[in-house]
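Here are some notes to read alongside the model. Have it open in a viewer and follow the points in order.

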Amino acid sequence: MSTKGTLVISAPLIAAVGLGSYLFLDHRNYQRRLRRMATEYVKRKYGFRAKAGRVGTMSIGWLEPTWHKGKSGYVEMTYEGKAFYVRASLLARTDDCTDTYQMDEFAERIIGPLKSFLGREDLHASVQYGGRDFGGCYLGMDVATFEDLVDHIGGIEVTVSTYGLSESLVAQLDLSYLGKNPRVGIYDWHDNRVVEAGYTPASPIQPSDGDIICLRSHHCFANGTWTHRRYQRYDGEGVTFAYETGLGIEIALFDAELTAPEDEAARSPWYRLSISSEVETRVIVFPHETSPDMEMRIQLYDPAKQELSDGFGVLPYYGNFEGQDALVAEWPYHGAVWLNLTYKDGHVNRTPQVVRIVR
């Protein structure tokens, strides 16, 4: 409320401004304290004084109360031209901080032997250790050497992208230098441009659906043993199918005997997907469409009933992920068709699936 020549500010507004100023000052104070904590931690662990810079605040957990926000963060540190990060929390002790100072050194110790043994200097690899929380590769006060990581922490994960790999070499790999419970995924691609782009999948264990379109084979070491799967693709008209080999999957054009005229929204012919084995599996379906905001669908046809259905709904678009090489995300829409699908009542559908792309 105001009168001529006079500005009247309500009490709630004054309180809101005051609270905002308090929170801003409190946030600045948290950052200063996090910098001091990170500096002291580095001095205790490594014996040198690094310069603390920017602070990226974070939450400790999903249910963390509001008044804890900002009390934890990543502190950017520099020492002799090298940048690294310290993760600190004002709710914990200085000795409970973790850091990435030795990340490059440890990565070379992990990846170097793989390059040497496989004879592939051009492979690209990513490394994860110290748990997957907050991006991984953070180690605490008790890990000062690579031997500390291997002997006491373990759990090292390595994801390798390569091309033209000699499969016989993989089973001979000695991974004992990685310590206990390592997980190693080696992705062998159909095209070397994936490796040249520096792309590695998010997990060493399981290829994502989008990776399979360019994947030749996947070797995985977990729980002390190797597994190996090969993949192939079928490039049709308006659609590409990608699937695991060795399961007896066959894909062919199909002439659907429709009583109604063909839908003008069809983006591909009909294809018949069949399998000779009894393994329950998926065929990943990639419509040949790159533009976002297109309502692409997988349509099914039942030859026995001569019925159509759109049971899969609108396909998700995966073209917005940063860092994913354009070759891997060649066709950013994709879904899947199940073969030998087992229903809740125990019934197994072993009939071939007839599908096409519509929009």
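**Notes on the model**

1. Let's start with R233, which counts as partly exposed at 28% relative accessibility. Buried means under 20% relative accessible area, exposed means over 50%, and partly exposed is in between (1.4 Å probe, protein chains only). This is a predicted model, where local features need pLDDT of at least 70 and side-chain atom pairs count only at pLDDT 80 or more, while totals for chains, interfaces and linings use all residues. Residues are numbered from 1 along each chain as its sequence is written, and side-chain values use heavy atoms, with hydrogens and water left out.

2. What does R233 pair with? It forms a salt bridge with E330, and the closest N and O atoms are 3.7 Å apart. This pair links distant parts of the chain, 97 residues apart: E330 is in the loop between β18 (307-309) and β19 (335-339), and R233 is in strand β12. E330 is partly exposed, with a relative accessible area of 29%. A salt bridge here is a side-chain nitrogen of Lys or Arg within 4 Å of a carboxyl oxygen of Asp or Glu. Helices (H or I, at least four residues) and strands (E, at least two) are DSSP runs, numbered from the N terminus.

3. Strand β12 takes part in another salt bridge, between the side chains of R230 and E167 (2.7 Å, N to O). R230 lies in strand β12 and E167 in helix α4 (residues 167-170), so the pair ties together parts that are 63 residues apart in sequence. R230 is partly exposed at 44% relative accessible area, and E167 is partly exposed at 26%.

4. While you're at β12 (225-235), have a look at its neighbours. It pairs with β11 in the antiparallel sense over six bridges, and F221 has W226 as its bridge partner in β12. On top of that, β12 and strand β13 (residues 239-244) pair antiparallel over five bridges, with T240 in β13 as the bridge partner of D235. To count as paired, two strands need at least two bridges between them found by DSSP.

5. Both of these pairings are hairpins, so to speak, with a turn to check. β11 and β12 have two residues between them in their hairpin, while the hairpin of β12 and β13 has three residues between its strands, and G238 in that turn has a positive phi of about 85°. N223 sits in the loop between β11 (215-222) and β12, and its phi is near 55°, a positive value in a residue other than glycine. N223 counts as exposed at 80% relative accessibility.

6. Where else does a positive phi turn up? E80 has one of about 50° although it is not a glycine. Its place is in the loop between β4 (72-79) and β5, and at 71% relative accessibility E80 counts as exposed. For background, most residues other than glycine have a negative phi.

7. Now for strand β22 (residues 353-358): is it enclosed or open? Six of its six residues are buried, so β22 is largely enclosed by the rest of the structure. Both faces are covered, with Q353, V355 and I357 buried on one side and V354, R356 and V358 buried on the other. In a regular strand the side chains alternate between the two faces of the sheet.

8. Which strands pair with β22? Strand β15 (residues 271-275) does so in the antiparallel sense over three bridges, and L273 stands opposite Q353. Strand β17 (residues 297-302) also runs antiparallel to β22, joined to it by five bridges, and Y301 stands opposite V354.

9. Two contacts across the sequence are worth a click. L90 and K71 are 19 residues apart in sequence and 5.4 Å apart in space, C-alpha to C-alpha; L90 is buried, with a relative accessible area of 15%. The C-alpha atoms of I251 and P352 are separated by 9.7 Å, with their positions 101 residues apart along the chain. I251 is found in strand β14 (residues 249-253) and is buried at 11%.

10. Back to salt bridges to finish: a search of the whole structure finds 17. Among them is D122 with R120, the closest N and O atoms being 3.1 Å apart. D122 is partly exposed at 37% relative accessibility, whereas R120 is buried at 18%. E40, R44 and D95 are linked in a salt-bridge network.
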